[in-house]
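User: I should like to learn how to read the features of a protein structure, one at a time. Could you guide me through an example?

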Amino acid sequence: MKTIGILTSGGDAPGMNSAIRGAVRTALNKSMRIKGVRNGYDGLMKGDIYEMNISSVADIIHKGGTILGTARSLEFQTPEGQKRGAQILADYGIEGLIVIGGDGSFKGAKALSDLGIKTIGIPGTIDNDMGYTDYTIGFFTAIETVSDAIGKLRDTSSSHGRAVVIEVMGRNCGDLALYSGLAGGAESIIVPEHKFSINEIIAKMEHGRKRGKLHHLITLAEGVGDPYALANELEEKTGIETKVTVLGHVQRGGSPSAVDRLLGSAMGSRAVDLLAEEKTGLAIGYVNGKIIEVSIEEATSVKSVFDENLYDLANSLSR
């Protein structure tokens, strides 16, 4: 294989640039050409493709976001659009493509693989919602961002004697709420994997107030419920002023953690190795401390397993 391409798709995640850097420099070390596709599958459909060299990825390992940009494409989601995308790659001489993103991005990679473009997927999403891998690129940086926000909210909440509902990202996966809630010392954690009892939260709030605790922090995974309705109900039933903080897209930004830089670098390099071996339709993951690869079909079908032990630990330590 002489020429490969690389794109990032879906939501951006800290560490994507590390993966891009790892892939570009590994490809050049193998005397392969590598072309960047700007703005994901949308850029592919527009032919927004350029030659990358060693300087293209200089001084990016510490930068958040993605230098390639990312955007979704409705056109590419159609069979006709996928065929056109494969033809555009062929027109640019691209024989293999590295796709960095989440579940939807991987499905696009599988479609291209079926059309004859060799593809390798790298999991890049702060949600950590891909069950075939222990961790996705961006997850650990997002934990740091959220746990830092929890610490700041604790300061102001204690000053005013308030409770705070902190909504975090994660869609249908509660990992970010759980890990950041435990790391940040949140008193209550609400995730989609567990039904929550508002009476239990109220009991915790009242118990904490009786022993002199001035704050009560609740991490709420988005999609579980309306944070404002929850805050209003808690305030009505406890008499404790309860505010809402929706962290939103701040969770996606920031310089990637050392862990995400390591994961990104290793996965990006491994993706090039697999393409050099003429492999296709594979997704790279990280399991039990090792870089692994599975079929994209498996990667998009395995459900995430919620860490019940960690959830129990968080509840035990927050009493």
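Analyst: The turns below go through a sheet, two helices, some salt bridges and two single residues. Please keep in mind that this is a predicted model.

User: Let us begin with the sheet. In what order do the four strands of the open sheet stand, and is the pairing parallel or antiparallel?

Analyst: The general idea comes first. Strands of a sheet pair through backbone hydrogen bonds, and they do so either in parallel or in antiparallel fashion. In this structure, four strands make up an open sheet with the order 7-8-6-9, and their pairing is parallel. Strand 7 and strand 9 (242-246) are at the edges; each has a single partner strand, so one side of each has no neighbour in the sheet. On average, neighbouring strands of this sheet are turned by 20° against each other, direction ignored.

User: How many bridges join strand 6 and strand 9?

Analyst: Strand 6, which covers residues 163-168, pairs with strand 9 in the parallel sense over five bridges. As a position to look at, Ala-163 stands opposite Thr-242 in strand 9.

User: Which strands does helix 6 touch where it packs on the sheet?

Analyst: Helix 6 (residues 175-184) touches strand 6, strand 7 and strand 8 (216-221), and its direction makes about 170° with that of strand 7. Helix 7 (residues 198-210) also deserves attention: it lies across strand 6, strand 7, strand 8 and strand 9, and runs at about 155° to strand 8.

User: At what angle do helix 7 and helix 8 pack?

Analyst: To read a helix pair, one considers the angle, the distance between the axes and the residues that meet. Here helix 7 and helix 8 pack at an angle of about 55°, and their axes are 11 Å apart. The two helices are therefore oblique to each other. The crossing in which helix 7 passes helix 8 is right-handed. From helix 7, the residues Ile-198, Ile-201, Ile-202, Met-205 and Glu-206 meet Leu-230, Glu-233, Leu-234, Lys-237 and Thr-238 in helix 8.

User: Let us turn to salt bridges. How many does a search of the whole structure find?

Analyst: The search finds 19 salt bridges. In reading one, it is useful to ask where each partner lies in the chain. One of them joins Glu-233 and Lys-237, with the closest N and O atoms 2.8 Å apart. Both residues belong to helix 8 (residues 227-238), where they are four residues apart, or about one turn of the helix. Glu-233 is partly exposed, as its relative accessible area is 29%, and Lys-237 is likewise classed as partly exposed at 46%.

User: How far apart are the closest N and O atoms of Asp-42 and Lys-46?

Analyst: In the salt bridge of Asp-42 with Lys-46, those atoms are 3.1 Å apart. About one helical turn separates the two residues, because they are four residues apart in helix 2 (residues 40-46). Asp-42 is partly exposed, with 22% relative accessible area, whereas Lys-46 is exposed at 63%.

User: Which parts of the chain does the pair of Glu-187 and Lys-213 tie together?

Analyst: The side chains of Glu-187 and Lys-213 form a salt bridge, at 3.1 Å from N to O. Glu-187 is in the loop between helix 6 and strand 7, and Lys-213 is in the loop between helix 7 and strand 8, so the pair ties together parts that are 26 residues apart in sequence. Glu-187 is buried, with a relative accessible area of 6%, and Lys-213 is buried as well, at 17%. Elsewhere, salt bridges link Arg-270, Glu-277, Lys-279 and Glu-293 in a network.

User: Finally, I should like to read single residues. Is Ser-188 buried or exposed?

Analyst: A residue counts as buried when its relative accessible area is under 20%. Ser-188 has 4% relative accessibility, and it therefore counts as buried. Ser-188 is part of strand 7 (residues 188-190). Leaving aside residues up to four places away in sequence, Ser-188 touches Ile-201, Lys-204, His-216, Leu-217, Ile-218 and Thr-219.

User: Where does Gly-69 lie, and which residues does Gly-69 touch?

Analyst: Gly-69 is in the loop between strand 3 (49-52) and helix 3 (79-91). Its relative accessible area is 16%, so Gly-69 is buried. With residues up to four places away in sequence not counted, Gly-69 touches Thr-8, Asn-39 and Gly-40.

Key. Residues numbered from 1 in each chain as written. Predicted model: local features only at pLDDT ≥ 70, side-chain atom pairs only at ≥ 80, totals over all residues. Heavy atoms only, no water. Buried < 20%, exposed > 50% of the residue type's maximum accessible area, 1.4 Å probe, protein only. Contact = heavy atoms within 4.5 Å. Pairing = 2+ DSSP bridges. Axes fitted to C-alpha atoms, helices over the stretch in contact; angles between N-to-C directions. Salt bridge = Lys/Arg side-chain N within 4 Å of Asp/Glu carboxyl O. Parallel < 35°, antiparallel > 145°, perpendicular 65-115°, else oblique. Left-handed = near helix turned anticlockwise from the far one by under 90°.
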